[in-house]
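Thanks for coming. I have one structure to go through today, and I will put it on the screen now.

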Amino acid sequence: MFFKLAYQNAKRSRQENLIYFFTLVIAVASFYIILALENQDVIIYLRTFESEAVEKLFALMPVLYVIALLLIAFLVLFANRYQLDRRSREFGLYMVLGMRRRKLFLQLVTEGAISSCFALVGGIVVGGILSELVSLVTARLVGQGIIGHQLSFSLSAAGCTALAFLVIQCFVSLALGLRMFSRELHELLYGRMSKKQARGTTRGNITTLLVGLVLLGASYTIVLNHFTLAQEQLMFMATMLVAVLLCCIGTLLVIRGSARLIGLVAGSKRSSQTRGLRSFTLRQFQEFIANKPLSITASALLVFFAIVFLAAGASLILSSGRTEAFSVYDLTVMGEDQKVQAALASAELSPYVAELNRMELGYLVHTVKDDRPVVDLDWSGLREKLVAALPAGIPDPGPQQNGYSMLSEDPWELNLLKNLDSRMMIPDLIPQSSYNRLLEAAGLEPLNLASDEATFYFNPQFYPAGQALGGTGLDSLLRETQGDAQAPLRIGTHPLRLAPLPAMKALVADSLFGLAFAIIVPDALFDEQVDPANISVYWNFCIPQALEDEQGLLVPIKAASALLKSSGLAFESYLQNFGRQLFYVIAGSYTLLYLGFLFLIIGSTVLALQFLTQMRQARARYLTLSMLGAKRAQLRRCLHSQVAAYFLLPLALAIASGTVGVWVLLGFMLSLADYGSQLYASAAAVAGVVILIELLYAVAVAKTATHALERYLQKTRTE
Amino acid sequence: MGNLTKLLEVHDIRKDYGKPDSPTRALRGVSFDVLQGEFLGIMGASGSGKTTLLNCIATIIKPSEGEILLSGENIAHFGGRDLARYRGSRIGYLFQDFELLDNLTGRENILLPLSIHGEKVALAEAKLAELAAFFEIDDVLQRFPTQMSGGQKQRVAAARCLISNPDIVLADEPTGALDTRSARLLMDKLDGSNRQHGTTILMVTHDANAASFCSRILFIQDGVIFHELRRQLPTETRDAYYARILAVMAQLGGGSANVL
């Protein structure tokens with residue numbers, strides 16, 4: 001009997017209150033996803049790198065677990081509180097009928113456990129599917145050739161999820177049960193005594209609203225104007241903290257203050273003269289805000305953080321494609337020529353070698369004078385061109401003695417000028433033939449320098465073309481020098497003309513390779529100007545295409561790496577740098593996207609359940625309206641406008657703050673890389689996702705509220 | 001009560017609750033007319049069926065049998081738009097516990113029926129001022145119900161009920177939640193509205209004092225009309241009428257049954 005009652009009640013909870021059940025399912029799914037992270041293809045793959053940095057970061061995972069657990073516990077607590085408040089009358093009735101508290105409490109816990117079991121099954125299924133999808137999508141994004149797929153379902157994660165969720169549910173039931181039983185029976189039966197709403201004075205509220213707007217404005221101004229990467233880290237953090245704090249307080253004050261403003265609009269003559277339920281709708285909305293400004297503020301801020309986190313996560317994913325576009329070689333070997341040649345030509349290793357390129361790099365002979373290196377090089381011709389190209393009003397900074405600083409807001413010509421001033425002190429040289437083999441391996445046209453020509457190499461890792469080189473700006477500048485009488489560049493006794501820039505590719509497999517700038521010169525000039533003692537040699541090669549098509553990249557690179565390791569040669573593989581890069585991107589974007597979605601869900605759930613609770617408390621009003629002749633359609637419309645207004649207020653604030661946040665974030669990203677249009681697209685996509693999810697919640701709330709109202713009216717009619 | 005047009009005609013109303021094989025018969029055939037400008041009371045012990053009757057007229061409940069005509073139109077035939085019109089503007093309903101919306105001001109509450117029906121509220125300003133003066137609620141128009149006394153609330157509710165010039169006011173125990181003084185003031189006002197403006201009122205009550213304001217009283221017992229009293233105007237005083245009411249109530253199943 002007891003269990004049957006509990007079972008039926010739990011079933012009714014699920015049917016009557018989809019939002020409650022859905023929230024529990026989401027909570028379980030989110031927790032499962034975070035615990036099953038270790039079974040994701042990408043993570044398994046990353047584990048194969050026995051890198052200290054990666055291990056250290058993995059050790060930080062429990063911190064994320066705890067944060068997720070706390071957030072989810074809050075979600076479960078909130079959903080259950082709503083559910084209990086909804087049924088407080090029923091519990092009061094049980095108690096009036098003489099049910100003992102202990103028994104009622106036991107029943108509550110049993111009901112909670114039954115609901116939890118259903119939510120667990122649903123949540124783990126949903127979480128499993130989502131996890132699998134994420135695993136597949138990331139594997140695809142990262143490159144399917146690299147990762148073999150395996151099923152990501154994890155029994156241990158499911159077990160831990162179940163355990164954690166049940167523990168949370170028990171605690172929540174306990175806390176809420178104690179809270180409920182400490183109330184008076186009358187309160188359970190007839191709801192809380194209607195407390196008079198302290199609506200405050202008009203002037204006070206308007207002041208609150210204005211102060212709130214000013215604080216928000218101040219926060220935006222700080223973020224937009226005083227936020228640069230050039231700041232010191234401490235200063236940067238402090239500025240950010242102040243801005244976020246101002247934004248939080250500002251949002252709260254705006255929401256608090258707007259209640260009265262809405263009251264004023266509702267109370268105005270014009271409003272009460274308008275047909276339909278307008279003044280009632282406005283008064284309802286005013287009451288919602290006046291009663292729960294804190295939770296509406298919390299929702300607005302959560303959605304705001306969600307927007308920023310999601311945008312950051314999405315743009316981080318986009319940045320993961322960066323190295324791939326530049327890298328050509330899969331492995332780079334260093335060592336004595338004969339030894340390397342022998343090893344690469346060996347029967348075991350040779351099947352893995354294609355596009356072999358013995359890349360030479362060397363720097364000019366220099367002498368030291370006044371503690372500064374001096375090389376026999378003159379680039380004043382080019383420098384004059386650059387200075388002349390500076391936008392009006394910007395003076396030549398002059399050769400920098402002690403380093404330089406690049407600022408993203410400065411024009412590219414100035415940044416490049418400062419940069420070259422420093423790079424030209426002892427520039428590296430690349431012989432044309434080495435670079436041409438690289439271009440050929442990448443499937444590009446080779447350079448064809450005349451004996452008195454040179455050009456520049458800018459490592460794309462450090463110089464994103466659009467940002468640092470002014471798009472085609474530098475290229476056209478180089479073309480202009482061609483007709484000049486004075487050679488723009490001289491090395492030793494050779495005056496050199498400057499050829500157009502070649503395509504920029506990574507010189508070796510490892511992207512952390514630190515060479516940022518070099519001059520590409522004809523082979524003869526290289527041999528003449530570079531002392532053999534100053535030459536470094538890198539043996540680069542690719543895995544043959546046929547092998548890659550057959551086995552993917554991972555397997556052959558690993559096999560070749562093992563062979564090289566046994567031969568005792570120093571080597572770097574594309575995968576190492578790829579793994580490092582991937583880990584930062586994956587760990588960062590997973591965390592950001594995960595927290596972003598969690599914030600979004602929690603914010604929306606708080607908003608949704610709060611609305612339904614208040615709507616329930618005020619449902620008798622709708623009966624009165626209906627008695628006064630309000631039509632069903634009118635009531636529905638009124639309810640829908642309430643939901644719309646109620647969701648729009650925090651959403652509007654969140655989007656306003658979110659736009660500023662994302663704007664600044666994109667500013668940072670753009671200064672680092674060269675994929676603007678994609679970034680804006682991703683920001684737009686994030687905004688779309690947030691609005692879509694809010695819309696879904698609003699529709700669900702409107703449907704639930706309408707349904708509950710119609711049932712209530714029906715019930716009171718037939719009684 | 002100059003003209004004798006029948007405003008409301010109730011023909012043989014029956015209402016059963018519960019299962020068809022063992023029904024609870026709340027109304028077992030009730031028939032009466034309400035004349036234009038009449039102040040009719042319906043009295044009876046609790047469970048006698050008086051509220052069921054009122055709810056049938058207010059279209060809150062559908063009668064099992066019988067018909068109710070308002071100015072000759074069968075209200076059972078109203079559907080959708082007509083029904084909403086009927087509820088909001090042809091009848092005014094005065095509830096025992098006021099049913100004011102506590103997040104609207106007095107003024108907004110009073111104007112609500114008009115805005116629900118999409119009527120031009122601007123035209124009703126004069127009417128609102130008149131009603132406010134009549135019911136002595138000028139000073140609470142800008143207040144919220146939580147800031148009003150019970151009597152003020154019920155008078156605001158009465159003004160809301162009259163704002164749309166209904167054909168008939170249905171009052172369900174309007175004094176039930178009021179103290180004696182407030183009840184008296186409210187009845188004075190309803191009486192005044194009936195006399196000065198010819199408002200037709202149908203009031204359900206078990207308060208003999210309130211009933212003594214009616215020009216005619218129907219007594220209901222066990223779902224049928226059991227007795228009818230008419231005040232002998234202009235000769236009979238309210239006190240004498242009150243005594244007659246008490247006498248009938250004492251007959252109605254013995255004293256204590258009248259206590260709710």
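I will start with a sheet in chain B, go on to packed helices in both chains, and end with a strand pair and a single residue in chain A. Keep in mind that this is a predicted model.

Chain B, then. There is an open sheet here of four strands, ordered 2-1-4-5, with antiparallel pairing. At its edges are strand 2, residues 24–35, and strand 5, residues 73–74, each of them paired on one side only. Strand 1 of chain B, residues 6–17, runs antiparallel to strand 2 and is joined to it by nine bridges. Two of the positions are worth pointing at. Glu9(B) sits opposite Asp33(B) of strand 2, and Lys6(B) has Leu35(B) as its bridge partner in that strand. The hairpin that links strand 1 and strand 2 of chain B has six residues between the strands, and in it Gly18(B) adopts a positive phi near 80°.

What packs on this sheet, and which strands does it touch? It is helix 1 of chain B, residues 50–57, which touches strand 1, strand 2 and strand 4, the last being residues 65–70. The direction of helix 1 of chain B makes about 60° with that of strand 2 of chain B.

Further along chain B, helix 4, residues 125–135, packs against helix 5, residues 150–162, at an angle of about 145° and with the axes 10 Å apart. The crossing of these two helices of chain B is right-handed. On the helix 4 side, the contact is made by Lys127(B), Leu131(B) and Phe135(B); on the helix 5 side, by Arg155(B), Ala158(B), Ala159(B) and Leu162(B). By residue class, that contact has five nonpolar, no polar and two charged residues.

Now chain A, with two helix pairs. Helix 2, residues 18–35, and helix 5, residues 61–86, have axes that come within 10 Å and cross at roughly 170°. The two helices of chain A are therefore roughly antiparallel. Among the residues of helix 2 of chain A that take part are Tyr20(A), Leu24(A), Phe31(A) and Leu35(A), and the helix 5 side includes Leu64(A), Leu69(A), Ile72(A) and Gln83(A). How many of the residues in this contact are charged? None: the contact of helix 2 with helix 5 of chain A divides into 14 nonpolar and four polar.

The second pair is helix 17, residues 380–389, and helix 18, residues 412–423, of chain A, whose axes come within 9 Å and cross at roughly 155°. So this pair, too, is roughly antiparallel. The crossing of helix 17 and helix 18 of chain A is left-handed. Arg383(A) is one of the helix 17 residues in the contact, and Glu413(A) and Asp421(A) are among those from helix 18. The residue classes here are six nonpolar, no polar and three charged.

Next, the strand pair. Strand 1 of chain A, residues 331–334, and strand 12 of chain A pair antiparallel over four bridges. Thr332(A) has Glu572(A) as its bridge partner in strand 12. Strand 12 of chain A, residues 570–573, has alternating side chains: Phe571(A) and Ser573(A) point to one face and are buried, whereas Ala570(A) and Glu572(A) point to the other and are not.

Last, one residue. Ile655(A) lies in helix 27 of chain A, residues 632–672. Is Ile655(A) buried or partly exposed? Its relative accessibility is 28%, so Ile655(A) counts as partly exposed. Outside its neighbours within four places in sequence, Ile655(A) contacts Ile307(A) and Ile691(A). Ala300(A) is 355 residues from Ile655(A) in sequence, yet their C-alpha atoms are 8.8 Å apart.

How values were computed:
Residues are numbered from 1 along each chain as its sequence is written. Chains are lettered from A and ligands numbered from 1 in the order in which they are written. This is a predicted model: local features need pLDDT of at least 70, side-chain atom pairs count only at pLDDT 80 or more; totals for chains, interfaces and linings use all residues. Side-chain values use heavy atoms; hydrogens and water are left out. Two strands pair if DSSP finds at least two bridges between them. Contact means heavy atoms within 4.5 Å. Axes are lines fitted to C-alpha atoms, for helices over the stretch in contact, and angles run from 0 to 180 degrees between N-to-C directions. Angles under 35 degrees count as roughly parallel, over 145 as roughly antiparallel, 65 to 115 as roughly perpendicular and the rest as oblique. Ala, Val, Leu, Ile, Met, Phe, Trp, Tyr, Cys and Pro count as nonpolar, Asp, Glu, Lys and Arg as charged, and the others, Gly among them, as polar. Buried means under 20% relative accessible area, exposed over 50%, partly exposed in between (1.4 Å probe, protein chains only). A crossing is left-handed if the near helix is turned anticlockwise from the far one by less than a right angle, and right-handed if clockwise.
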